[in-house]
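Me: I have a structure open in my viewer and would like to learn how to read it feature by feature. Could you walk me through it?

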Amino acid sequence: LLGRRVSGEPLGGLAAGVLLQTSAVALFTLHVGVGELQHLWWLPLGLLAWLNHKETQSFQSAGWLGLSLGLAALSCFYHGFFLGFSVAVLSLFTLPLRGSLPGVLLRYAVAAGLGLALVLPVMRTFSSSYGEDDRPAVGLVAYITQEHGQPVTDPSSARLDPLDLVSPRRGERETASPERMGYGGGRYLGLPALALGLLALWRAPRQATLWVVLALLGALLAMGSYLVVNGEVVELAGGSRVRLPFFFLNRALGYVAEPLNFPVRALAITMTALAVCAALV
């Protein structure tokens with residue numbers, strides 16, 4: 001539905017559906033055995049709701065978008081967060097520069113507020129079930145940027161190595177840890193999918209640029225708190241590590257709910273965006 005809506009062609013819908021459903025990301029959700037991750041359909045469905053709202057700018061479509069955001073997060077917190085991240089990115093890059101901006105922002109606020117109203121009470125209850133709240137009594141900005149507070153929760157094995165995007169790394173299967181084998185899948189995009197993204201930029205640059213940017217940001221999110229290359233955390237002179245945006249974003253999540261332990265799953269954003277690019281091609 002999303003591919004057909006973006007491209008206006010039945011074959012566009014078929015291309016998007018086939019590429020996403022046969023991707024390593026989708027197959028990983030079956031292999032890992034975590035039932036909630038199989039609800040990958042929330043991403044294209046929620047993005048379809050975003051497209052409807054972008055075109056109609058009605059409070060009704062804002063309500064449907066808000067319901068999609070909230071229900072996706074209740075169904076699977078990872079997919080709900082990925083959908084919220086995607087909607088935020090797409091909305092930011094398509095805001096009108098003048099004229100109806102206040103009205104547009106109001107409708108997006110309604111959607112965001114409805115989604116949060118559904119999710120936050122449940123997330124608070126879920127968070128408190130782990131025990132007493134041990135967050136320091138400081139503001140959000142201080143909590144995110146300073147050394148105290150929620151520790152880094154994503155291990156190196158749960159971060160995307162950029163080389164994994166184009167290499168299935170079959171030779172590592174015998175030496176990989178059980179954690180990597182069980183929870184580290186879904187990293188491979190493949191050269192054909194990446195080529196479709198580039199081809200979409202050539203065939204339909206105005207439409208495709210937005211989705212390619214979303215794909216790139218999804219991959220950046222998947223790299224986790226610190227840059228990992230060839231399975232090793234990259235260290236600069238002096239022993240400092242290359243800190244990535246996910247480090248601060250995950251601190252913020254830890255302050256309001258629970259942090260994400262497996263950032264590599266954010267490749268679901270990238271693969272969904274590449275599926276849209278396939279539809280445009």
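Me: Let me start with empty space: how many cavities of 30 Å³ or more does the structure hold?

Reply: Happy to help! Keep in mind that this is a predicted model. It holds 2 cavities of 30 Å³ or more, and the largest has a volume of about 80 Å³.

Me: Which elements give two or more residues to the lining of the largest cavity?

Reply: Those elements are α3 (24-31) and α13. Helix α3 gives the most, with 3 residues. Among the lining residues you will find V25, F28 and T29, along with H79, R265, L267 and A268.

Me: Before going further, what is the mean pLDDT of the chain?

Reply: pLDDT is the predictor's confidence in each residue, from 0 to 100. Here the chain mean is 82, and 81% of the residues reach 70 or more. Among the elements, α13 has the highest mean, 96, whereas helix α8 (residues 140-145) has the lowest, 51.

Me: And the overall make-up: how many helices and strands does the chain have?

Reply: There are 13 helices and 2 strands. Of the 281 residues in the chain, 43% are buried. For contacts with a separation of 6 or more, 74% are between residues 24 or more positions apart.

Me: Which residues touch the most other members of the largest nonpolar core?

Reply: Look for F82 and W211 in this core of 69 residues. Helix α13 (residues 267-280) supplies the largest share of the core, 12 residues. Try selecting W211: apart from neighbours within four places in sequence, W211 is in contact with V6, L47, L90, A273, V276 and C277.

Me: Helix α13 keeps coming up. Is α13 largely enclosed or largely open?

Reply: A residue counts as buried when its relative accessible area is under 20%. In α13, 14 of the 14 residues meet that test, so the helix is largely enclosed by the rest of the structure.

Me: How far does α13 reach from its first C-alpha to its last?

Reply: Its 14 residues reach 20 Å, close to the 20 Å expected at 1.5 Å a residue. You can repeat the check on helix α12 (residues 245-256): its 12 residues should span 16 Å, and the end C-alpha atoms are 17 Å apart, which agrees. The buried residues of α12 include F246, F247 and L253, and also N250 and R251.

Me: Back to α13. What does T272 touch, beyond residues up to four places away in sequence?

Reply: T272, which lies in α13, touches L2, L20, L43, P44 and L47. With a relative accessibility of 2%, T272 counts as buried.

Me: What about M271: which residues is M271 in contact with?

Reply: M271 also belongs to helix α13, and its relative accessible area of 2% makes it buried. Setting aside neighbours within four places in sequence, M271 is in contact with L19, L20, S23, V25, L189 and A193. For a C-alpha distance, take M271 and A24: they are 247 residues apart along the chain and separated by 9.1 Å.

Me: L47 appeared in the contacts of W211 and of T272. Where is L47 found?

Reply: L47 is in helix α4, and L47 is buried, with a relative accessible area of 2%. Not counting residues up to four places away in sequence, L47 touches L2, L83, S86, L90, W211 and T272. Its C-alpha is 9.8 Å from that of A273, although the two positions lie 226 residues apart in sequence numbering.

Me: Now a contrast: is L198 buried or exposed?

Reply: L198, in helix α10 (residues 191-203), is exposed, with a relative accessible area of 60%. Its C-alpha is 8.3 Å from that of V212, 14 residues away in sequence.

Me: One backbone question to finish: which residue has a positive phi although it is not a glycine?

Reply: Most residues other than glycine have a negative phi. Here Q57 has a positive phi of about 50°. You can find Q57 in the loop between α4 (42-56) and α5 (59-75).

Methods
Residues are numbered from 1 along each chain as its sequence is written. This is a predicted model: local features need pLDDT of at least 70, side-chain atom pairs count only at pLDDT 80 or more; totals for chains, interfaces and linings use all residues. Side-chain values use heavy atoms; hydrogens and water are left out. A nonpolar core is a set of buried Ala, Val, Leu, Ile, Met, Phe, Trp, Tyr and Cys residues joined through side-chain atoms within 4.5 Å. Buried means under 20% relative accessible area, exposed over 50%, partly exposed in between (1.4 Å probe, protein chains only). Helices (H or I, at least four residues) and strands (E, at least two) are DSSP runs, numbered from the N terminus. Contact means heavy atoms within 4.5 Å. The expected span of a helix is 1.5 Å times one less than its number of residues. On a 1 Å grid over the protein atoms alone, a cavity is a set of points where a 1.4 Å probe fits but cannot get out, and a pocket is an open set with protein on both sides within 12 Å along at least five of seven lines; lining residues have an atom within 4 Å of a point. Grid points are joined across faces, edges and corners, and a volume is the space filled by probe spheres set on the points.
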